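Here is a briefing on one chain. Read it with the structure open. The points are grouped by topic.

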Amino acid sequence: MGLTDRLDSLQQRYPALGFPLAVVYKYADDQGNYLAALIAYYAFVSLFPLLLLLSTVLGWVLTGHPELRAHVEHSALSEFPVIGPQLDRPKQLSGGVVGILVGVLGALYGGLGGAQALQNAMNTAWTVPRNERPDPFRARGRSLMLLATGGLALLGTTVLSALGGGAGAFGLGVKVVALVASVAVNAGVFILAFRISTARNLTVRQVALGAVAAAVGWQVLQSFGAVYIGHVVKSASATNAVFALVLGMLAFLYIAAAWVVMCAEINVVRVERLYPRALLTPFTDNVDLTAGDRSTYAAKAEAERTKGFEKVDVTFGIPPHHTATATESSDPPTPAPHRTKPEAE
């Protein structure tokens with residue numbers, strides 16, 4: 001037995017090794033990088049209209065309120081290269097009615113596009129057949145629900161971040177409690193998002209593990225983003241700061257989207273029991289497929305069904321290295337395991 005065979009046998013024997021590998025393979029099977037890139041694109045498109053809307057609102061709110069302006073000037077917003085330098089001149093921030101209109105429409109377009117991309121990613125991960133996915137009208141209704149869920153998350157984490165930031169006088173304990181509460185709020189929001197964004201009828205228990213992982217990852221990314229703004233953007237020149245901010249936003253959004261898709265795959269692999277996978281299955285046909293491999297490939301074929309009366313049958317032949325043995329045997333090809341929706345836990 002070679003080294004590859006020993007490693008394959010080891011990871012198939014121990015779920016602590018086989019489960020993470022199966023998640024990564026499922027992410028690759030679903031082309032998770034492209035799914036995440038589409039989500040990040042629409043999120044990025046919505047950012048600048050949101051900044052325009054924010055600057056317009058700030059221009060109205062800060063005028064005549066020097067104490068509030070002083071508080072905002074010392075916040076993380078002051079480090080943004082476009083808005084930050086204008087905070088001491090709030091009248092220059094206002095874009096008027098046009099700024100409000102463009103900001104709302106642009107943010108709505110980007111937000112709905114991002115929510116549609118998230119639904120596509122979740123339905124792809126859960127291999128929902130195309131004929132069972134929502135029609136364009138119902139899909140956009142779900143997108144509005146997802147945007148409302150995201151707004152609740154933003155509001156909740158903003159309040160908790162403010163409490164944590166103002167808790168210096170109360171010690172480290174309050175900051176830790178605020179951090180844990182923020183992760184808990186985000187986990188609840190991700191549970192809602194994971195359930196709303198797929199056409200599968202999922203329970204809280206089925207999506208809880210991935211939601212908690214997504215919440216923790218989101219908190220880590222937010223902390224890194226604050227450090228990036230405070231050190232890289234703040235110390236750069238005006239021109240370089242713009243590029244640093246734009247590239248940083250793109251990287252932040254893509255990593256966040258990729259992690260959310262990966263966390264969805266964690267739920268899928270756990271609920272559907274798509275592990276262990278054969279170690280070399282993404283790289284060659286000359287491999288003995290596991291039950292997890294067969295279920296994964298059969299489900300992907302079934303997901304291409306476009307009509308309810310269309311029937312998709314999947315069978316697997318004999319791997320090349322078994323050809324000689326197969327010619328001596330009259331056994332028929334092995335049918336793929338039939339995938340059924342798991343019962344509610």
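Leu17 sits in helix α2, which covers residues 15-29. This is a predicted model. In it, Leu17 is partly exposed, at a relative accessible area of 43%. That value is over the 30% needed for a patch residue, so Leu17 can count towards one.

**Nonpolar surface patch**

- Leu17 joins Leu3, Leu7, Leu10 and Tyr14 in a nonpolar surface patch of about 470 Å².
- The main contributor is helix α1, residues 3-13, which supplies three residues.

**Overall layout**

- The chain holds 11 helices and two strands.
- Read from the N terminus, the order is α-α-α-α-α-α-α-α-α-α-β-α-β.
- The chain has 345 residues, and 40% of them count as buried.
- Its accessible surface is about 19,100 Å². Carbon and sulfur atoms account for 67% of that area.
- Take the contacts with a sequence separation of 6 or more: 73% of them join residues 24 or more positions apart.

**Nonpolar cores**

- The largest nonpolar core numbers 42 residues.
- Ile39, Phe190, Phe194 and Val269 have the most contacts inside this core.
- Six elements are listed as giving two or more residues to it: α2, α3 (32-62), α5 (96-125), α7 (172-196), α8 (204-235) and α9 (238-272).
- Helix α9 gives the most, with 11 residues.
- A separate core has five residues, including Ala40, Phe44, Leu245 and Met249.
- Which residues does Phe190 contact, leaving aside neighbours within four places in sequence? They are Ala211, Ala214, Ala215, Trp218 and Val260.

**Gly292 and its surroundings**

- Gly292 belongs to helix α10, residues 291-302.
- Is Gly292 buried or exposed? Its relative accessibility is 2%, under the 20% cut-off, so Gly292 counts as buried.
- Beyond residues up to four places away in sequence, Gly292 touches Leu274, Tyr275, Pro276 and Arg277.
- Gly292 and Pro276 are 16 residues apart in sequence. Their C-alpha atoms are 5.9 Å apart in space.

**Salt bridges**

- How many salt bridges does a search of the whole structure find? The search finds nine.
- Arg277, one of the residues touching Gly292, forms a salt bridge with Asp293. The closest N and O atoms of this pair are 2.3 Å apart.
- Arg277 lies in the loop between α9 and α10, and Asp293 lies in helix α10. The two are 16 residues apart.
- Both Arg277 and Asp293 are buried.
- Lys26, Asp30, Glu265 and Lys300 form one network, joined by salt bridges that share partners.
- Within that network, Lys300 pairs with Asp30, with the closest N and O atoms 3.2 Å apart.
- This pair links distant parts of the chain, 270 residues apart. Lys300 is in helix α10, while Asp30 is in the loop between α2 and α3.
- Lys300 is partly exposed, at 28% relative accessibility. Asp30 is buried, at 4%.
- Arg305 and Glu132 also meet through their side chains in a salt bridge, at 3.0 Å from N to O.
- Arg305 is in the loop between α10 and β1 (315-316), and Glu132 is in the loop between α5 and α6 (136-165), so this salt bridge ties together parts 173 residues apart in sequence.
- Arg305 has a relative accessible area of 17%, under the 20% cut-off, so Arg305 is buried.
- Glu132 has 34% relative accessibility, between the 20% and 50% cut-offs, so Glu132 counts as partly exposed.

**Confidence**

- The mean pLDDT of the chain is 80. A value of 70 or more is reached by 69% of its residues.
- Residues 73-84 have pLDDT below 50. In the model, this stretch makes 28 contacts beyond near neighbours in sequence.
- Residues 340-345 also have pLDDT below 50. In the model, this stretch makes 14 contacts beyond near neighbours in sequence.
- Predicted coordinates should not be read in detail where pLDDT is low.

Terms used:
Residues numbered from 1 in each chain as written. Heavy atoms only, no water. Patch = residues over 30% accessible without salt bridge, like charges linked within 9 Å, V, L, I, M, F, W, Y side chains within 5 Å. Areas by Shrake-Rupley, 256 points an atom, 1.4 Å probe, with all protein chains shown as cover. Salt bridge = Lys/Arg side-chain N within 4 Å of Asp/Glu carboxyl O. Helix = DSSP H or I, 4+ residues; strand = E, 2+ residues; numbered from the N terminus. Buried < 20%, exposed > 50% of the residue type's maximum accessible area, 1.4 Å probe, protein only. Core = buried A, V, L, I, M, F, W, Y, C linked by side-chain atoms within 4.5 Å. Contact = heavy atoms within 4.5 Å. pLDDT = per-residue confidence, 0-100.
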